[in-house]
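Biologist: Could you take me through one part of this model up close? I'd like to hear about a pair of packed helices and what comes right after them.

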Amino acid sequence: MTRRSWRYLLILLTIWLLILAYMGWNLLVLVEDSNKNQAALDRKDRHVDLLNTQNQRLKQMVSELESQKESLESQILSKEKKIQTLKRFSDKKPQVIHEKYRRRAENEVREIFYYLSAEITKINKKIPQAKKQLTHMLKMSETLHQMLTNDLEKMNSLDGKSKWQWSEHEELSRIVQERIKKLQNPKDCSTSKKLICQLNKGCGYGCQVHHVLYCFIVAFGSQRTMIIDSTGWRYSSSGWSGIFLQPSETCTSYTGGFSNWQRNNDAQNVILPIVDSLYPRPPYMPMAVPEDLADRLSRLHGHPFVWWIGQFAKYLFRYNANVQKEINEKRERMGFKSPIVGIQVRRTDKINTEAARHEVEEYMYWVQLYYSRLGLNQAIDSKRVYVASDDPSVFPELQRKYPDYTFISDQDISKSAGIASRYSDASLHGVIFDIQMLSECDYLVCTFSSQVCRVGYEIMQSKHPDASRKFQSLDDIYYFGGQSGHNVRAILPHTAETREEIDLEVGDLIGIAGNHWDGYSKGTNHRTGQMGLYPSYKVEEVMETAQFPTFDDL
């Protein structure tokens, strides 16, 4: 190899080494850059992960804020609705004192009419030759009574209270129904306290129904779930659930033994005796109403306890599907519709023992007055009367004597209500239908000595803001069997003018025994101990109150 060849070879080797060096340097730079980029990417990944974590936290915070916003908006909306409701009715909502004097005026008009009617009838019997003049006077007093009553009712609606009354009635009913439902449906039936009501009282259907209502009041007042034991019920072999829904969806039976109310009313299961044997008697017995609702009820209703017991009847007497269908079909078939007056003519087992007999003319007198007053405000297409009776002969008698009235009745019910067939399924379904129809009437004429009529009147209260005056009793005033007492308070003094009368001073408490529907009532003055008659218009009702559970979370 020549020297020149070595020189070229050396030059090529040098160039190759330089190329290798250059490539190595670039590779080193690329590796370093790659490491730097990887580190940068790692940092970016960590940053992205951090951002994702923060994003999730922000999303969670936004979700929580939106939930809180919805809750706040719901609370604000609820408060705004309440404020609007208060604003809407604030000017129309009557004061308790206003309602007190309005009802007092109604009572005075009614009692004056009772007095004039009774006195004219007495004179007519003693002086037959004055019959024409006295009949004219009676007719005039009837017309004045109708017009004054109508004017007072119109004043009530013109004051704007009708809308307020319905709103208040519905709100109070919602409160009471939710309280009952909560107590009747405990979360854990096995540990809840229970009151067992045995449906075995030896009396008629109306009496047995009132026994269950009394059980219900005591169960509610003592914060116990009521369990109805209808084993061997004389009216139905299928028991309570054969007619009605159970009063509880979660607790319909009890386990273990039970204690009598008198022995240990702190036991888990307590059995309640009949009302006449109840001892000790709790303060929430009829006719007490809840303290927390007392002011609102006294403003709304003329007889607050009747409204109160009507809410228990509303909850308790919910028919099962078959019975409800039967009632609906029969109501439609009979042509039952408003306006309609209900009369219950009682004729069989209790007549001349605990109640006097009343002829159909006595019932129809008040039916005629009702339709005369109704005719002052509206045209009447048909003067309908629903007839409930245990005597099948009543219906044809009414049709014969009052042909201008439309009488509605189920004669099979009257037949099955006889003593021989009273405790049968047909009789049970019949009395239930009668009570339901009486409760749906616009006005009732009956004898309040009859528990059937009183049950119908009690159920009626849940259908109207104030149905306390939608009746005329031919004998007793309203009462609840076994009630703790019914007092009235003297608002005017009275000096006895006969041996039958008693003295009154303003503020005296009188235990009322009855209204004679002639301007006078009978009672006992608790201050003097005297028992006798006094002018009915000189007293006013006393509302009894007691502490009932309120369930503040409702």
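Modeller: Here is a walk through one helix pair and the loop that follows. Keep in mind that this is a predicted model. The pair is H12, residues 425-440, and H13, residues 451-460, and their axes sit 8 Å apart at an angle of about 45 degrees. An angle under 35 degrees would count as roughly parallel and one of 65 to 115 as roughly perpendicular, so H12 is oblique to H13. As for handedness, H12 and H13 cross in a right-handed way. On the H12 side, the touching residues are Val431, Ile435, Leu438 and Ser439, while H13 brings Val452, Val455, Gly456, Ile459 and Met460. Sort the residues of that contact by character and you get seven nonpolar, two polar and no charged.

Now follow the chain past H13. In the loop between H13 and strand S10 (471-473) you'll come across Ser468. Is Ser468 buried or exposed? Its relative accessible area is 4%, and the cut-off for buried is under 20%, so Ser468 is buried. What does Ser468 touch, leaving aside residues up to four places away in sequence? The list runs to His301, Gly302, His303, Tyr457 and Gln461. Ser468 also has a partner closer along the chain: its side chain makes a polar contact with the side chain of Asp466, at 2.6 Å.

For contrast, have a look at Thr231, in the loop between strands S2 (225-229) and S3 (259-260). With a relative accessibility of 68%, Thr231 counts as exposed. The side chain of Thr231 makes a polar contact too, with the side chain of Asp229 at 2.9 Å.

How values were computed. Residues are numbered from 1 along each chain as its sequence is written. This is a predicted model: local features need pLDDT of at least 70, side-chain atom pairs count only at pLDDT 80 or more; totals for chains, interfaces and linings use all residues. Side-chain values use heavy atoms; hydrogens and water are left out. Axes are lines fitted to C-alpha atoms, for helices over the stretch in contact, and angles run from 0 to 180 degrees between N-to-C directions. Helices (H or I, at least four residues) and strands (E, at least two) are DSSP runs, numbered from the N terminus. Angles under 35 degrees count as roughly parallel, over 145 as roughly antiparallel, 65 to 115 as roughly perpendicular and the rest as oblique. A crossing is left-handed if the near helix is turned anticlockwise from the far one by less than a right angle, and right-handed if clockwise. Contact means heavy atoms within 4.5 Å. Ala, Val, Leu, Ile, Met, Phe, Trp, Tyr, Cys and Pro count as nonpolar, Asp, Glu, Lys and Arg as charged, and the others, Gly among them, as polar. Buried means under 20% relative accessible area, exposed over 50%, partly exposed in between (1.4 Å probe, protein chains only). A polar contact is a pair of N or O atoms within 3.5 Å; within protein, one must be able to donate a hydrogen and the other to accept it, and residues adjacent in sequence count only if both atoms are side-chain atoms.
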